[in-house]
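Dear colleague,

I am handing over the structure we spoke about, and below it you will find notes on what turned up in it. Please read them with the coordinates open beside you.

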Amino acid sequence: GHDGQAGAVAQLRGIRNPVLAARAVMESSNHVMLAGDGASAFARSVGLETAPPEYFHTDARWQQLLAVRDTDASVLDHDGAHKLAFADKKFGTVGAVALDRDGRLAAATSTGGLTNKRWGRVGDSPVVGAGTWADAHCAVSGTGWGEYYIRAVAAHDICARVKYAGES
C-alpha cells in the first residue's frame, strides 16, 4: 500500500486464515515472506487460529485430484507452457482490494493452489508484485496460472501502467 509494507506466506499448513498470517508477517516481523514449517510456526506463535487437516478438505477438490493425479495435467510441459486441457479446473483463490476512508489502498490474495502441482511449487499469490500489489495509486489482486503472473510481475506491472501511463 501507500507505505510499501508487504507480508506473505507460502506452503502454510493448519492455519485457518492464511491472509491473517501474511498480515502478521508484515506487521510483526522484519520479513516479507515466510514459507513452510517456519511460516506455520510463526503464525501459531502470534496466536492465529489453527484447524485440523479435515477442515481444509473438500470433496470437490479431492475428486478433482483423483481425476488427474496420475497424469501431468497441471504440470508444465517441456517448453514451460501449461497443459491447456486443464484450464477449466481452477478453484480456490480469494482476492480483495480495499480503499479505506483516508484513501489508502491495500490488496490481499489467498489460494488453495493448483491441483496436482509438483511438491514444493509456490504460485503467484504470495509473490509480492506477481499476484498481489498495492501502492498509493493502485491495488491489484489477481490470479491465474501463477507461473505466468510471476514471470510478468503482472500485478505490479498493472499498477506501474496506472502510475506512469495514467491508465485507469
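**Notes on the model**

His2 is partly exposed, since its relative accessible area comes to 46%, and this residue sits in the segment that precedes β1 (8-10). Please bear in mind throughout that the model is a predicted one. Although 103 residues separate His2 from Leu105 in sequence, their C-alpha atoms lie 6.8 Å apart in space. Leaving aside residues up to four places away in sequence, His2 touches Arg104, Leu105, Asp135 and Ala136.

Turning to the interior, the largest nonpolar core is made up of 11 residues, among them Val9, Ile15, Val25, Leu34, Phe42 and Leu48. Two or more of its residues are given by each of α1 (18-28) and α2 (36-45), and α1 supplies the largest share of this core, with 4 residues. Within that core, Ile15 has contacts with Ala21, Ser40, Ala43, Arg44, Leu48, Glu49, Thr50 and Phe56, again without counting residues up to four places away in sequence. Another core, of 5 residues, lies apart from the largest one, and Cys138, Val140, Cys159 and Val162 are among its members.

Finally, there is Glu147, which belongs to helix α5 (residues 146-152). Glu147 counts as buried because its relative accessible area of 14% falls under the 20% cut-off, and its side chain is joined to that of Arg121 by a polar contact of 2.9 Å.

With best regards

How values were computed:
Residues numbered from 1 in each chain as written. Predicted model: local features only at pLDDT ≥ 70, side-chain atom pairs only at ≥ 80, totals over all residues. Heavy atoms only, no water. Buried < 20%, exposed > 50% of the residue type's maximum accessible area, 1.4 Å probe, protein only. Polar contact = N/O pair within 3.5 Å; in protein donor to acceptor, adjacent residues only side chain to side chain. Core = buried A, V, L, I, M, F, W, Y, C linked by side-chain atoms within 4.5 Å. Contact = heavy atoms within 4.5 Å.
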